[in-house]
Amino acid sequence: MKDVTLEELGIEHSRPRGGMTYLHMYEDEHVSMGIFCLPAQSRIPLHNHPGMSVVSKVLYGKLHVLSFDWAQSPVAERLATSVCDAVVGDVDDPAVLLPESGGNIHQFTALTDCAVLDLLSPPYSTQHGRDCTYYKIEKVLPDGHAILAEYEPPSSFCIQSEPYTGLQFEDGDTNNNNNKEVSGDSTHTVTCCGDDDEDIQFS
């Protein structure tokens, strides 16, 4: 993942033109890969990855990452421990999030136009109890912990799909009829809509 080039992925530094977009590269029952292209000052709110491992790599630009893990405490059900509050760029190593450590609940804020390559294993699946839940920080405690509350993003929060035109990926089992190669004209629907009563504040 560290050595992949923008040319191989079919993207350019100047790609963001308006809102946030997602380029879906590949997905099967074990793994999902894609690229988020984020214009400057856009934000993907705090969200979780239940029972999932995630590897993320900034391909270009500067990204502020805020992440938490659930604290092992019976005192507060939504008590979270801060893991990361830092700016990362394309020179930084990929971030690895595990189901219960590494900052499984994270937020991305684009400080400049940027792109992030994401690998999820296993993929999100409502059927298997791996649905995406958004959160907001309800309270920061003196000891640095935070209380997180479930949050419905406003309808203005939307990530649109665009075709992926870079390197192609296919199932190594040629006898598998469920091969999910992603061709250049394939699209994968990614839309996020929520409650108009609240606005996401971009930094």
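A polar contact, as I will use the term, is a pair of N or O atoms within 3.5 Å, where within protein one atom must be able to donate a hydrogen and the other to accept it, and where residues adjacent in sequence count only if both atoms are side-chain atoms. With that in hand, here is a first example: the side chain of Ser56 makes such a contact with the side chain of Asp118, at 2.5 Å.

Before going on, I should say that this is a predicted model, in which local features need pLDDT of at least 70 and side-chain atom pairs count only at pLDDT 80 or more, while totals for chains, interfaces and linings use all residues. Residues are numbered from 1 along each chain as its sequence is written, and side-chain values use heavy atoms, with hydrogens and water left out.

Ser56 is found in strand 4, residues 53–60, where strands are DSSP runs of E with at least two residues, numbered from the N terminus. At 10% relative accessibility Ser56 counts as buried, a word that means under 20% relative accessible area, with exposed meaning over 50% and partly exposed lying in between, for a 1.4 Å probe and protein chains only.

Strand 4 belongs to an open sheet of six strands in the order 7-4-9-2-1-12, with mixed pairing, and two strands are said to pair if DSSP finds at least two bridges between them. Strand 7 (95–97) and strand 12 (159–162) stand at the edges with a single partner strand each, so one side of each has no neighbour in the sheet. From one strand to the next the twist averages 25 degrees, taken between axes that are lines fitted to C-alpha atoms, with angles from 0 to 180 degrees between N-to-C directions.

Within this sheet, strand 2 and strand 9 run antiparallel and are joined by seven bridges, and Ile35 stands opposite Leu117 in strand 9. Met33 also has its place in strand 2, and Met33 is buried, with a relative accessible area of 15%. Contact here means heavy atoms within 4.5 Å, and, leaving aside residues up to four places away in sequence, Met33 touches Tyr22, His24, Met25, Tyr26, Asp118, Leu119 and Phe169.

Let me turn to the other sheet. Six strands form an open sheet in the order 3-8-5-6-11-10, and the pairing is antiparallel. Strand 3 (43–47) and strand 10 (135–140) are at the edges, each with a single partner strand, so one side of each is left without a neighbour. Three bridges join strand 3 to strand 8, residues 105–110, and the partner of Arg43 in strand 8 is Thr109.

What about the interior? A nonpolar core is a set of buried Ala, Val, Leu, Ile, Met, Phe, Trp, Tyr and Cys residues joined through side-chain atoms within 4.5 Å. The largest one has 16 residues, and those with the most contacts inside it are Leu38, Ile44, Leu63, Phe108 and Ile159. Apart from it lies another core, of 15 residues, among them Leu9, Ile11, Leu23 and Ala115.

Finally, how many salt bridges are there? The count comes to one, where a salt bridge is a side-chain nitrogen of Lys or Arg within 4 Å of a carboxyl oxygen of Asp or Glu. Glu150 and Arg78 meet in it, at 3.3 Å from N to O. Glu150 lies in strand 11 (residues 146–150) and Arg78 in the loop between strand 5 and strand 6 (79–89), so the pair ties together parts that are 72 residues apart in sequence. Glu150 is exposed, at 52% relative accessible area, whereas Arg78, at 27%, counts as partly exposed.

Note on methods. Helix = DSSP H or I, 4+ residues; strand = E, 2+ residues; numbered from the N terminus.
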